[in-house]
Every structure is written in structure tokens, then in C-alpha cells.
Amino acid sequence: MLDRLGAICVSLHPSKPGLVSKHGLSVAYTLVDENKPELKQATAAYVKVLHSLFGIGLFEHALKLSAATQQRLHDVVQDC
């Protein structure tokens, strides 16, 4: 399912980046906080897609999140 969401984000981002930012990033940040092994690979792939779209903006949007979530996000991006 996350691969489909990633594809939707890629297709929508050029015309509606605000929509992807609002909904796509919130899903990613929630999933990064999940501690379920079965979601780890799919979450990493989804975050990688978002990182390719937003670049450093992915982390700028995460500034309002907890430090632990920000660190997990950095870890996921570095592992990709």
C-alpha cells in the first residue's frame, strides 16, 4: 500500500505539493514512529520517495516533531 501512496505522491507533487506535504508527510512521520518490523522496509522505501521529492525540506517539515522522531527520520534516510 505504501508503494501506491508513494506513486501517488510522485504524480501529485508537481501540481499539488501542498497536498503531498500535508498528507504524505504526516503518514511518513507517523510510520517512522511505528516500531513494527513488518513496516520497516515499506516505510523506508516510502520515506526515500518523499526525500527524493522534498530533499532537505523533508527535515524542515519535521522540525515541529519530537527530537526522537527527527532522529529516526534521519536514520531511515541515511539507511536508504
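## A tour from salt bridge to pocket

With a salt bridge taken as a side-chain nitrogen of Lys or Arg within 4 Å of a carboxyl oxygen of Asp or Glu, the count in this structure comes to 2 salt bridges. Keep in mind throughout that the model is a predicted one.

**First stop: Asp33 and Arg72.** Select these two residues and show their side chains, which meet in a salt bridge with an N to O distance of 2.6 Å. The pair links distant parts of the chain, since Asp33 belongs to helix H2 and Arg72 to helix H5, 39 residues apart.

**Second stop: H2 against H5.** Now widen the selection to the two helices that carry this pair, H2 (17–33) and H5 (67–79). Their axes come within 9 Å and cross at roughly 95°; angles of 65 to 115 degrees count as roughly perpendicular, and H2 and H5 are therefore roughly perpendicular to each other. To display the contact itself, pick Tyr29, Val32 and Asp33 on the H2 side, and Thr69, Arg72 and Leu73 on the H5 side. Coloured by class, this contact of H2 with H5 shows 3 nonpolar, 1 polar and 2 charged residues.

**Third stop: H3 against H5.** Leave H5 displayed and add helix H3 (37–54). Here the two helices pack at an angle of about 90°, with their axes 9 Å apart, so that H3 and H5 are likewise roughly perpendicular to each other. The residues to select are Ala44, Val47 and His51 from H3, together with Leu73, Val76 and Val77 from H5. By class, the contact of H3 with H5 has 5 nonpolar residues and 1 polar residue, and no charged residues. Leu73 of H5 is worth labelling, as it appears in the contact with H2 and also in the contact with H3.

**Last stop: the largest pocket.** With H2, H3 and H5 still on screen, turn to the largest pocket, to whose lining each of these three helices gives two or more residues. The space in this pocket amounts to about 340 Å³. Its lining has 15 residues, and a useful way to find its centre is to select those that lie nearest to that point, namely Val32, Glu34, Lys40, Arg72 and Val76. Which helix supplies the largest share of the lining? That share, 5 residues, comes from H3. Colouring the lining by class gives 6 nonpolar, 2 polar and 7 charged residues. The tour thus returns to Arg72, which lies among the residues nearest the centre of the pocket and whose side chain meets that of Asp33 in the salt bridge.

Key:
Residues numbered from 1 in each chain as written. Predicted model: local features only at pLDDT ≥ 70, side-chain atom pairs only at ≥ 80, totals over all residues. Heavy atoms only, no water. 1 Å grid on protein atoms, 1.4 Å probe; cavity = no way out; pocket = protein on both sides within 12 Å on 5 of 7 lines; lining within 4 Å. Points joined across faces, edges and corners; volume = space filled by probe spheres on them. Helix = DSSP H or I, 4+ residues; strand = E, 2+ residues; numbered from the N terminus. Nonpolar A, V, L, I, M, F, W, Y, C, P; charged D, E, K, R; others polar. Axes fitted to C-alpha atoms, helices over the stretch in contact; angles between N-to-C directions. Parallel < 35°, antiparallel > 145°, perpendicular 65-115°, else oblique. Contact = heavy atoms within 4.5 Å.
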